[in-house]
Protein chains: 2
Amino acid sequence: MTELDPLKLENQLCFPLYSAAKEVVRRYRTFLEPLGLTYTQYITMMVMWEHKSLSVGRIGELVNLDSGTLTPMLKKMEAAGLVKRCRSKADERELIVSITGKGEQLRAQALDIPAKMGSCTSLTMEEALQLRTLLAKLI
Amino acid sequence: MTELDPLKLENQLCFPLYSAAKEVVRRYRTFLEPLGLTYTQYITMMVMWEHKSLSVGRIGELVNLDSGTLTPMLKKMEAAGLVKRCRSKADERELIVSITGKGEQLRAQALDIPAKMGSCTSLTMEEALQLRTLLAKLI
DNA sequence: TTAATTTAGATTGTATGCAATTAAATTTTA
DNA sequence: TAAAATTTAATTGCATACAATCTAAATTAA
């Protein structure tokens, strides 16, 4: 009977997803703390390392966060010296976020984090790819 | 080169996981709002519907949340009349959370939510099971 | 059996998340 | 071109998350 109960936690797909995501973020904490980054700041730094300069809106598209989350976080990152925030000359509505020298330098300290994270999971490379495919298809 | 960059967002496994989890919770919102539940309250109600009466600690084990999150949320759920909170007679340290009649009644309104959620994803049943297996293995 | 330890929740402080609203700048349209 | 609509961030309000700390109760050990 229990396998048929649609409201049993163990029969949900959402819960392992929700739970696994939190657990992964929690495990990043150990590696990110020495760099002074939170997980959300870390994925934001990834797009900054790649693009150097982006509007708040564009960052939001890339990391799936809105200004309500990004604005206070980007202010903290500016206070930490990792990015600069300047209004665009061309369009005053846009706020351009640019990486600083200090932000660039942080990259070296982050380089080995993906490998460290990878080694603390029991997934094979193939399973990891499969998981990524399924997650992409889910949404 | 970009496929080899360990710090590119698109090369991460964590990001689709983090993003998909948030998206799924967001989609629940539409269905849960009429019931006056948040997603976290919903998974808590699932364990209450199943177990009827549990300590805060046991709830935390089942839904992977600590008292810092649960205490304020359970107070709100009590204020909403869904559960009662009473100290255990046997061990005053324990706080026993019990489902109320109103909480039981809410179950009927929640019964079709899993099906509604299932139908707004593009995963086959087999893929969903595969995803659950991979998520379990990840942690 | 009383002091030390452990346990269970509650509290505090920090950092998200996100919907809804606001405000300013820009673009579109009548 | 002046008003209306749209766009971009910022702000507000509410609800998590979780580490760290605190408090009271129960258990263990000296």
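These are my notebook entries on a predicted model, taken in the order I looked things up.

**Entry 1: the two chains**

I started with how chains A and B relate. Chain B superposes on chain A after a rotation of 180° with 0.0 Å of shift along the axis, at an RMSD of 0.0 Å. That is how a two-fold axis relates two copies. Both copies use the same surface, since 98% of the contact residues of chain B recur in chain A.

Next I checked what goes into the contact. Chain B puts in 44 residues and chain A puts in 43 residues. On the chain B side, I listed the elements giving two or more residues: H1 (14–32), H2 (39–51), H5 (101–110), H6 (113–119) and H7 (125–138), all helices. H1(B) has the largest share, with twelve residues. By residue type, I noted 30 nonpolar, six polar and eight charged on that side of chain B.

**Entry 2: the sheet in chain B**

Then I went to the strands. Chain B has an open sheet of three strands, ordered E1-E3-E2, with antiparallel pairing. I wanted to know which strands stand at the edges. They are E1 (53–55) and E2 (83–87) of chain B; each has a single partner strand, so one side of each has no neighbour in the sheet. Neighbouring strands are turned by 25° against each other on average, ignoring direction.

I looked at one pairing in detail. E1(B) and E3(B), the latter covering residues 95–99, run antiparallel and are joined by three bridges. Leu54(B) has Val97(B) in E3(B) as its bridge partner.

Two helices came up here as well. H3 of chain B (residues 56–63) packs on the sheet and touches E1 and E3 of chain B, with its direction at about 95° to that of E1(B). H4 of chain B (residues 67–79) lies across E2 and E3 of chain B and runs at about 120° to E2(B).

**Entry 3: around DNA strand C**

Last, I asked which residues are closest to DNA strand C. Of the 24 residues that surround the strand, the closest are Thr40(A), Gly68(A), Ser55(B), Gly57(B) and Gly68(B).

I then sorted this surface by element. H2 (39–51) and H4 (67–79) of chain A each supply at least two residues, and so do H1, H3 and H4 of chain B. H4(A) gives the most, with five residues.

For the residue types near DNA strand C, I wrote down five nonpolar, ten polar and nine charged. On the side of chain B that touches chain A, I had 30 nonpolar, six polar and eight charged.

Methods: Residues are numbered from 1 along each chain as its sequence is written. Chains are lettered from A and ligands numbered from 1 in the order in which they are written. This is a predicted model: local features need pLDDT of at least 70, side-chain atom pairs count only at pLDDT 80 or more; totals for chains, interfaces and linings use all residues. Copies are superposed by least squares on the C-alpha atoms of residues with pLDDT of at least 70 in both. Two residues are in contact if their C-beta atoms, placed from the backbone, lie within 7 Å. Helices (H or I, at least four residues) and strands (E, at least two) are DSSP runs, numbered from the N terminus. Ala, Val, Leu, Ile, Met, Phe, Trp, Tyr, Cys and Pro count as nonpolar, Asp, Glu, Lys and Arg as charged, and the others, Gly among them, as polar. Two strands pair if DSSP finds at least two bridges between them. Axes are lines fitted to C-alpha atoms, for helices over the stretch in contact, and angles run from 0 to 180 degrees between N-to-C directions. A residue is near a molecule or strand if its C-beta atom, placed from the backbone, lies within 6 Å of it.
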